[in-house]
Amino acid sequence: MGLVLGIETACDDTAAAVVDEDLRVRSSVVWGQKQTHEQFNGVVPELAARRHAEVILRVVKQALEEAGAKMSDLSAIAVNNQHGLIRSVVVGVAAARGLAYAQGVPLVPVHHVEAHVFSAIMTNPALFEPHICLAVAGGHNALIHVHSVGDYEVIGRTLDDSAGEAFDKVGSYLGLPFPAGAQVDKLARGGNPRAYDFPRPKLKDGSLNFSFSGLKTPVRMVAEKLQDGASAADVAASFERAVVDVLVAKTLAAAEQCGLRQVSVVGGVACNTLLREELPRAGAKAGIVVTFAPPRLCTDNAAMVAGLAQHKLREGAVGTLDLDATPNAPL
Ligand code: KG4
Ligand code: ZN
């Protein structure tokens, strides 16, 4: 077995990566589209697809070059064909099919959210054992009982907005450019998390589900008063604290309910500074070990796609060129 090239175009990041048999990331290139969508305060699907089509082969070429690899070194190509914006996913699938056909190598289909789950496993082999995964991003927000790689039970999900969407919306109330999660995080570091007592939706309802849309209005109402002396940093810090309180409590409750002592955290919001401090701290008190995926594997990337494909091939998966884009597939 040789190298696997991964391709990922779920939303607005065009990504390609090369991963070897030992799950080492040889290269990981992510071509973001921030400038394209910033002015619209959200991702415009039509424009995202056009940008993917423009840059996908350049991104693949760069990933191969950075890995010091040639197309002939590839034993397979992997692509996310199961989650994201349909027009975006189709571009990745078409490119991957063409490359696999030209090279005569198998094409391995990958589910974007499963690849996020695997992003923690590929950097911490202890997670091949059963654990709880908090997958928390812009396009998805779930608690997953990982029985083993390939065997998942979604035990909690958001009933409306994801945590990432909430960060992005609050960022826009504070005048920050989309996507604003990382900027809200930065701003919050200089603020007082107790300045505003924002709601902690569903914190004590006994379920493992989330709901972040109810946080928007109270935060917006305070954010509108910034000219009256309210501090943007205090708003950001208080909002972040509310979200993190809910994520920590629900994740530890999930581990308790399933009798598991290991937790992983993946997806863009797993980059958040406060979550990275608070969850391990609260976990340690409850005897639960928490692993975060490394930040470069948290936000959308193709290394997690190639890594998962390497594992599937090792377990006997055979690829197929006959692959469709089914972007709403369940995990
Ligand atoms: O995993 P990702 O790149 O794409 C999806 O699959 O959705 O996640 C992007 C999300 C965005 O909502 C972004 O604002 C959020 O992750 N994000 C953060 C941070 N970095 C990225 N949210 C909070 N704190 C951060 N440091
Ligand atoms: Zn994602």
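In which helix is Asp185 found? Asp185 is in helix 6, which covers residues 181-188. The model in front of the reader is a predicted one, and this account begins at its N-terminal strand before returning to Asp185.

Strand 1 is mostly covered, as six of its six residues are buried. Its side chains go two ways: Leu3, Leu5 and Ile7 point to one side of the strand, Val4, Gly6 and Glu8 point to the other, and all are buried. Strand 1 also has strands for partners. With strand 4 the pairing is parallel and runs over five bridges; within it, Gly6 stands opposite Ala78 of strand 4. With strand 2 the pairing is antiparallel, again over five bridges, and the bridge partner of Glu8 there is Ala15. Four residues make the hairpin connection from strand 1 to strand 2.

After strand 2 the chain goes through a loop to strand 3, and Leu23 is found in that loop. The phi of Leu23 is positive, near 65°, although the residue is not a glycine. Most residues other than glycine have a negative phi. Is Leu23 buried or partly exposed? A residue needs 20 or more other C-beta atoms within 10 Å to count as buried; Leu23 has 19 C-beta neighbours inside 10 Å, so Leu23 counts as partly exposed.

Asn41 also has a positive phi, of about 60°, and is not a glycine. Asn41 is in the loop between helix 1 (34-38) and helix 2. Asn41 is partly exposed because 14 other C-beta atoms lie within 10 Å.

Helix 3 comes next. Its 18 residues, 86-103, should span 26 Å at 1.5 Å a residue, and the end C-alpha atoms are 26 Å apart, so the two values agree. The buried residues of helix 3 are Ser88, Val89, Val91, Gly92, Val93, Ala95, Ala96, Leu99 and Ala100. What covers them includes strand 1, helix 2 (45-67), strand 4 (74-80) and strand 5 (107-110). Strand 1 and strand 4, the parallel pair described above, are thus both among the elements that cover this helix. Just after helix 3, Gly104 takes a positive phi of about 70°.

The last part concerns positions marked in a record. An unreviewed UniProt entry annotates Asp168, Gly181, Asp185 and Asn272 as "binding site". These residues are spread over 105 residues of sequence, yet they cluster in space, with a largest C-alpha distance of 12.8 Å.

Asp168 is in helix 5, residues 163-173. Asp168 is buried because 22 other C-beta atoms lie within 10 Å. Apart from residues up to four places away in sequence, Asp168 touches Gly138, Phe178, Pro179, Ala180 and Gly181. Gly181, one of these contacts, carries the "binding site" annotation as well.

Phe178 and Pro179, two more contacts of Asp168, are joined by a cis peptide bond with omega about -10°. Most peptide bonds are trans. Pro179 lies in the loop between helix 5 and helix 6.

Helix 6 leads back to Asp185. Asp185 is buried because 21 other C-beta atoms lie within 10 Å. Leaving aside neighbours within four places in sequence, Asp185 is in contact with Glu240, Asn272 and Thr273. Asn272, one of these contacts, is among the annotated positions too.

Technical notes
Residues are numbered from 1 along each chain as its sequence is written. Chains are lettered from A and ligands numbered from 1 in the order in which they are written. This is a predicted model: local features need pLDDT of at least 70, side-chain atom pairs count only at pLDDT 80 or more; totals for chains, interfaces and linings use all residues. The expected span of a helix is 1.5 Å times one less than its number of residues. A residue is buried if 20 or more other C-beta atoms lie within 10 Å of its own, exposed if 12 or fewer, and partly exposed in between; C-beta atoms are placed from the backbone. Two residues are in contact if their C-beta atoms, placed from the backbone, lie within 7 Å. UniProt positions are given in the numbering used here, feature names are shortened, and annotations may be inferred rather than shown by experiment. Two strands pair if DSSP finds at least two bridges between them.
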